[in-house]
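Biologist: I have this chain open and would like to go through it with you. Could you take me through the helices, the strands and a few individual residues?

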Amino acid sequence: MRLSDVLSKPPALQFMQVEGFIGTKKLAVGMQRKIQVGKIALNYFCRKCDDVRTFCSGEEIYCIGVNEHLISIDSVLKCHCGASVQIWFLVDCDGDISGPAPEIRILKRSEKLSPDALIDKERYGKLSDLLEKAQRAHHDRLGAGAMVYLRKIFEQITVETAKASGIPCTYNNGRKKPFKSLLQEVDRQCAIIPREFSENGYRLFGELSDIVHGEYNEDLALSKYESLHRLIVGVLDNVKNNNELMTAVGLLGWNNGVLNNDQT
Ligand SMILES: [Zn+2]
């Protein structure tokens, strides 16, 4: 497997072995190197093409040394029509990154979408619209607004998953279950949040609610946005696959020292 294959997948917790890509000469801190690792390819909804398209990087990618086991990679992915997405990765290596067969994972991935490129609409169905609204609100520096959309997505994905798996959203007396109870029930049955983070699932919701209900100020809401957005997207991915929220969890300071590859 090559570095580009890993970069073309969603960030995952487990390390994957790839062909050496830095070369034999160590990449010093802050130094840049051009590497050839194949094209990075990710799907986005292209507004110009009006469909989901694969956006690709060029053959050459630039990376910057952060320390012995971390590198930063910047790239621009393009649709064949010219629409583009700026993307940045922080790649973590289990050991020395300049080795001949390093084991790596994406510690962080961040995208700057352009007006012509949206997140893959098909991926999250109707929730993609809400995600896009959250992104737009964030882009316009409307922190609380962005949080409202994220919270809505979290509620909806939980309710949808409950419905899909036959978990009633109300009690026998018709009263609506509090979100926390429903989330726990859904998570127990469907593991929409990785098992070891189930308790943090409600913490995420609480944090979103706190922002929505004004306990956080606008700047804090904006500064929390990226991490919370990543987490929500992670929950969505988890409903489809089975995923890895560790990066975002770590960024929010929720992992409490469990950033450990042995956790499953
Ligand atoms: Zn296009």
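Modeller: Let us begin at the end of a helix, bearing in mind that this is a predicted model: just after α4, A191 takes a positive phi of about 50 degrees.

Biologist: Okay, and how many residues does α4 itself have, and how far does it reach?

Modeller: Helix α4 covers residues 179-190, which is 12 residues, and from its first C-alpha to its last it reaches 16 Å, close to the 16 Å expected at 1.5 Å a residue.

Biologist: Which residues of α4 are buried?

Modeller: The buried ones in α4 are F179, L182, L183, V186 and D187. Viewed down the axis of α4, these buried residues fall within an arc of 130 degrees, so they line one face of the helix. The face of α4 turned away from that buried side carries R188 and Q189, which are exposed.

Biologist: What about α3, which residues are buried there?

Modeller: Helix α3, residues 143-164, has 22 residues and reaches 32 Å between its first and last C-alpha, close to the 32 Å expected at 1.5 Å a residue. Its buried residues are G143, A146, M147, L150, R151, I153, F154, I157, T158, T161 and A162. They cover an arc of only 160 degrees around the axis, which puts them on the same side of α3. On the face turned away from the buried side, α3 carries the exposed residues K163 and A164.

Biologist: And what follows α3?

Modeller: After α3 comes G166, whose phi is positive, near 75 degrees. Helix α2 is also followed by a residue with a positive phi, namely R141, with a value near 65 degrees.

Biologist: Since you mention α2, what are its length and its buried residues?

Modeller: Helix α2, residues 127-139, has 13 residues and reaches 18 Å from its first C-alpha to its last, close to the 18 Å expected at 1.5 Å a residue. Buried in α2 are L127, S128, L130, L131, E132, A134, A137 and H138.

Biologist: I was also looking at H229. Which residues is it in contact with?

Modeller: H229 is found in helix α6, residues 218-240, and it is buried, with a relative accessible area of 12%. Leaving aside its neighbours within four places in sequence, H229 is in contact with L131, Q135 and L150. Of these, L131 is among the buried residues of α2, and L150 is among the buried residues of α3.

Biologist: Switching to the strands, what does β8 pair with?

Modeller: Strand β8, residues 103-113, runs antiparallel to β1, residues 16-17, and 2 bridges join them. Within that pairing, the bridge partner of M16 in β8 is I104. β8 also runs antiparallel to β7, residues 84-93, with 9 bridges between them, and there V91 stands opposite I106 in β8.

Biologist: Where is S72, and is it buried or exposed?

Modeller: S72 has its place in strand β6, residues 70-78, and at 12% relative accessibility it counts as buried.

Biologist: What does S72 touch?

Modeller: Not counting residues up to four places away in sequence, S72 touches Y62, C63, I64, V66, W88, F89 and L90. With W88 there is also a polar contact of 2.8 Å, which joins the side chains of the two residues. As for I106, S72 is 34 residues away from it in sequence and 10.0 Å away in space, C-alpha to C-alpha.

Biologist: How many aromatic pairs are there?

Modeller: The count comes to 2 aromatic pairs, taking ring centres within 6.5 Å as the rule. In the pair of Y44 and F55, the ring centres are 5.3 Å apart and the planes stand at 80 degrees, so the pair is edge-to-face. Y44 lies in strand β3, residues 41-46, and F55 in strand β4, residues 51-56, so the pair ties together parts that are 11 residues apart in sequence. Both Y44 and F55 are buried.

Biologist: Last one, how does the chain look overall?

Modeller: The secondary structure of the chain comes to 7 helices and 9 strands, and 46% of its 264 residues count as buried. Among the contacts in the chain with a separation of 6 or more, 59% are between residues 24 or more positions apart.

Key
Residues numbered from 1 in each chain as written. Predicted model: local features only at pLDDT ≥ 70, side-chain atom pairs only at ≥ 80, totals over all residues. Heavy atoms only, no water. Helix = DSSP H or I, 4+ residues; strand = E, 2+ residues; numbered from the N terminus. Expected span 1.5 Å × (residues − 1). Buried < 20%, exposed > 50% of the residue type's maximum accessible area, 1.4 Å probe, protein only. Arc of directions from axis to C-beta. Phe/Tyr/Trp six-rings, centres within 6.5 Å; stacked < 30°, edge-to-face > 60°. Contact = heavy atoms within 4.5 Å. Polar contact = N/O pair within 3.5 Å; in protein donor to acceptor, adjacent residues only side chain to side chain. Pairing = 2+ DSSP bridges.
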